[in-house]
Amino acid sequence: MRKLLLILLILPLQMLAQEVPGSVQFWNNLTTHCGKAFEGEIVAGGKEGDGFTGEKLVMHVRACGEKDIRIPFFVGEDKSRTWVLTMRDDNLILLKHDHRLRDGSDDEVTMYGGLSPNTGLAGIQFFPADQFTSDLIAYASNNVWWITLDDTSFTYNLRRVGSDRFFSVKFNLTKEVAAPGAPWGSED
């Protein structure tokens with residue numbers, strides 16, 4: 001009887017002590033930046049003529065819903081890119097790249113990305129290319145994207161496994177900049 005009573009007292013405490021999944025911690029930390037914009041710089045993979053080098057790079061955590069976060073990524077005057085993160089019911093995060101033309105219509109290559117293979121950690125989430133991406137962009141089949149997040153920075157990374165392709169852009173979260181307006185294809 002004592003053992004049963006002890007188990008009944010300890011079990012609820014153990015359940016309370018279980019950690020929040022890393023993906024949920026990551027998500028919650030990212031939403032604290034909703035509405036804010038930050039300037040970034042290429043820290044790896046940039047080269048003259050790549051369309052990124054020498055341009056002002058700004059991310060805007062523009063929209064935060066319960067299940068979706070939309071982060072437009074502006075490269076100079078190019079407002080075609082938005083990172084779309086979706087929290088699934090199983091606490092896995094889906095990353096998609098929403099690319100638009102200047103008139104707001106879908107780019108020919110859009111909505112590629114991947115699903116986190118597990119809940120990851122509070123400071124980092126990985127997204128290997130999914131089948132849709134492989135079908136859309138065969139050479140991107142081996143892509144792995146990852147985002148790191150801490151108190152001072154947000155870093156977006158791309159590695160094409162099996163090649164020397166690596167791109168990384170780091171945003172300073174300690175210095176907010178003016179919101180750059182709406183991305184192509186968005187209202188307002």
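Hi everyone, this is a short walk through a disulfide, a pocket and a surface patch in one structure. Please keep in mind that what you see is a predicted model.

Let's start with the disulfide. The count here comes to 1, and the partners are Cys34 and Cys64, with their sulfur atoms 2.4 Å apart. For anyone new to the term, a disulfide is a covalent bond between the sulfur atoms of two cysteines. Where do Cys34 and Cys64 sit in the chain? Cys34 is in the loop between helix H2 (22-31) and strand E1 (37-44), while Cys64 belongs to strand E3 (residues 63-64). That puts the two 30 residues apart, so the pair links distant parts of the chain. If you turn the model to look along the link, you'll find it right-handed, with 120 degrees about the S-S bond. Cys34 counts as partly exposed, because its relative accessible area is 32%. Cys64 is partly exposed too, at 29% relative accessibility.

Now to the pocket. The largest one holds about 530 Å³ of space. It is lined by 24 residues, and the closest to its centre are Phe52, Tyr112, Leu158, Arg160 and Arg165. Which elements give two or more residues to that lining? They are strands E5 (78-87), E6 (93-99), E9 (143-149), E10 (153-160) and E11 (166-177).

Last stop, the surface. Val109, Met111, Phe132 and Leu136 make a nonpolar patch of about 290 Å². Of these, let me point out Phe132, which lies in helix H3 (residues 131-136). Phe132 counts as partly exposed because its relative accessibility is 43%.

Thanks for listening, everyone!

Key
Residues numbered from 1 in each chain as written. Predicted model: local features only at pLDDT ≥ 70, side-chain atom pairs only at ≥ 80, totals over all residues. Heavy atoms only, no water. Patch = residues over 30% accessible without salt bridge, like charges linked within 9 Å, V, L, I, M, F, W, Y side chains within 5 Å. Areas by Shrake-Rupley, 256 points an atom, 1.4 Å probe, with all protein chains shown as cover. Salt bridge = Lys/Arg side-chain N within 4 Å of Asp/Glu carboxyl O. Helix = DSSP H or I, 4+ residues; strand = E, 2+ residues; numbered from the N terminus. Buried < 20%, exposed > 50% of the residue type's maximum accessible area, 1.4 Å probe, protein only. Disulfide = S-S within 2.5 Å. 1 Å grid on protein atoms, 1.4 Å probe; cavity = no way out; pocket = protein on both sides within 12 Å on 5 of 7 lines; lining within 4 Å. Points joined across faces, edges and corners; volume = space filled by probe spheres on them.
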